[in-house]
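Student: I would like to go through this model with you and ask, for each label we use, what justifies it.
Tutor: Gladly; let us take the labels one at a time and set each value against its criterion.

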Amino acid sequence: MSKPLVVITGASSGFGEVTARMLSEKGYPLLLVARRLDRMKALNLPNTICAQVDVTDREALVKAITDAEATYGPVDCIINNAGVMLLGLTHEQDPAEWKKMVDVNMLGVLNGIYAVLPSMRERKTGTIINISSVAGRKTFPNHAIYCGTKFAVHAMSENIREEVASDNVRVIVIAPGAAETELLSHTTSDVIKEGYTQWKKQIGGVMSAKDVANSIVFAYEQPQSVCIREIVLAPTSQE
Ligand code: NDP
């Protein structure tokens, strides 16, 4: 039987890119969403639509999903993975950076949920996977706003999971610790970036994007009657 449509936001690099490759290899048709269209197209995956969409633009996200459904049928799973981490001290950081994290990490996730949930509830099936972080479970220096957005992902996901459990819709949170991707590169402070890079070395290295993608795919591929509510994974040497 042919596989159902999976939507992955933030598919142009890091976890999203590797998860896209893995699910594509397993035969899922995909809708990939991010701003860097060239990076998604370069993956050259079969049965895949790449949409240049900013997840903070709810209308554009809904349209991209509706268009993909016209080709591949209803979305069975959305992986709300797009995120930004702009580390800094709250009182020193440009407030535009707070807003960006709130907009992408919280509202972007909500926009993804908004785009698929009514149809999933009606069809009595579906899976929403939200990518949080260990920083959604504990705090770290220079992480106040990032942690705030990721704590919110846990809280919103758990609440929504309770609301839709009786509709046979799964809501899953994947909360990774440190992994090697482009995420840190967007932080504007070179001092903070250097400190983080040193810390990664001190703990003896971090996870790969594949380590995290494995957990996403594992959680998704459980039977629909089983909801792995949360996976927290981190490098063994990360405290
Ligand atoms: P990357 O920076 O490699 O990937 C982030 C992805 O999000 C990119 O594809 C980027 O695409 C996309 N993105 C960012 N802003 C937007 C936007 N406004 N609209 C659409 N897409 C957007 O980092 P990771 O793979 O590490 O990050 C993936 C998720 O994992 C994030 O939510 C992050 O917070 C989380 N995470 C990462 C950890 C790590 O150590 N790497 C640890 C814990 C959690 P583009 O720029 O093309 O739009």
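Student: Where does N47 lie, and what makes its phi notable?
Tutor: In this predicted model, N47 belongs to the loop between α2 (37-41) and β3, and its phi is near 45°, a positive value in a residue other than glycine.

Student: Why does N47 count as partly exposed?
Tutor: A residue is called buried with 20 or more other C-beta atoms within 10 Å and exposed with 12 or fewer; N47 has 14 such neighbours, so it falls in between and counts as partly exposed.

Student: Which residues is N47 in contact with, leaving aside its neighbours within four places in sequence?
Tutor: N47 is in contact with P29 and L30, the criterion being C-beta atoms within 7 Å. A separate distance, taken between C-alpha atoms, places N47 at 9.5 Å from L5, although their positions lie 42 residues apart along the chain.

Student: Why is N168 given the label partly exposed?
Tutor: N168 has 15 C-beta neighbours inside 10 Å, and because this count lies between the limits for exposed and buried, N168 is partly exposed. N168 is located in the loop between α5 and β6, and it has a positive phi of about 65° although it is not a glycine.

Student: What does Q224 touch, not counting residues up to four places away in sequence?
Tutor: Q224, which is in the loop between α7 and β7, touches T125 and N168. The C-alpha atoms of Q224 and T127 are 8.2 Å apart, with a separation of 97 residues in sequence. Q224 has 13 C-beta neighbours inside 10 Å, so Q224 too is classed as partly exposed.

Student: What is the strand order of the open sheet, and which pairing does it have?
Tutor: The seven strands follow the order β3-β2-β1-β4-β5-β6-β7, with parallel pairing.

Student: Why are β3 and β7 said to stand at the edges?
Tutor: Both β3 (48-52) and β7 (230-233) have a single partner strand, so one side of each is left without a neighbour in the sheet. On average, neighbouring strands of this sheet are turned by 15° against each other, direction ignored.

Student: How do you know that β6 and β7 pair?
Tutor: Pairing requires at least two bridges between two strands, and β6 (residues 169-176) shares four with β7 in the parallel sense, so the criterion is met. One residue-level example is A175, whose bridge partner in β7 is V232.

Student: Which helices pack on or lie across these strands?
Tutor: Helix α5 (residues 144-164) packs on the sheet, touching β5 (126-131) and β6, and its direction makes about 160° with that of β6. Helix α7 (residues 209-220) lies across β4 (75-80), β5, β6 and β7, and runs at about 165° to β6.

Student: What makes β4 largely enclosed by the rest of the structure?
Tutor: Six of the six residues of β4 are buried, so the strand is largely enclosed. Strand β4 pairs in the parallel sense with β1 (residues 5-9) over four bridges, and with β5 over four bridges as well. C77 of β4 is the bridge partner of V6, and in β5 the bridge partner of C77 is T127.

Student: Which residues have the most contacts inside the largest nonpolar core?
Tutor: They are V7, L31, L32 and V33, in a core of 67 residues. Helix α4 (residues 95-123) supplies the largest share of this core, eight residues. Not counting residues up to four places away in sequence, V33 touches V7, I8, T9, A11, A51, V53, V55, L61 and A64.

Student: How many residues surround the ligand, and which are the closest?
Tutor: There are 28 surrounding residues, and the closest are G10, G14, R35, R36 and G83. By class, the shell has 13 nonpolar, eleven polar and four charged residues, and helix α1 (residues 14-25) gives the most to the shell, with three residues.

Key:
Residues are numbered from 1 along each chain as its sequence is written. This is a predicted model: local features need pLDDT of at least 70, side-chain atom pairs count only at pLDDT 80 or more; totals for chains, interfaces and linings use all residues. A residue is near a molecule or strand if its C-beta atom, placed from the backbone, lies within 6 Å of it. Helices (H or I, at least four residues) and strands (E, at least two) are DSSP runs, numbered from the N terminus. Ala, Val, Leu, Ile, Met, Phe, Trp, Tyr, Cys and Pro count as nonpolar, Asp, Glu, Lys and Arg as charged, and the others, Gly among them, as polar. Axes are lines fitted to C-alpha atoms, for helices over the stretch in contact, and angles run from 0 to 180 degrees between N-to-C directions. Two residues are in contact if their C-beta atoms, placed from the backbone, lie within 7 Å. A nonpolar core is a set of buried Ala, Val, Leu, Ile, Met, Phe, Trp, Tyr and Cys residues joined through C-beta atoms within 7 Å.
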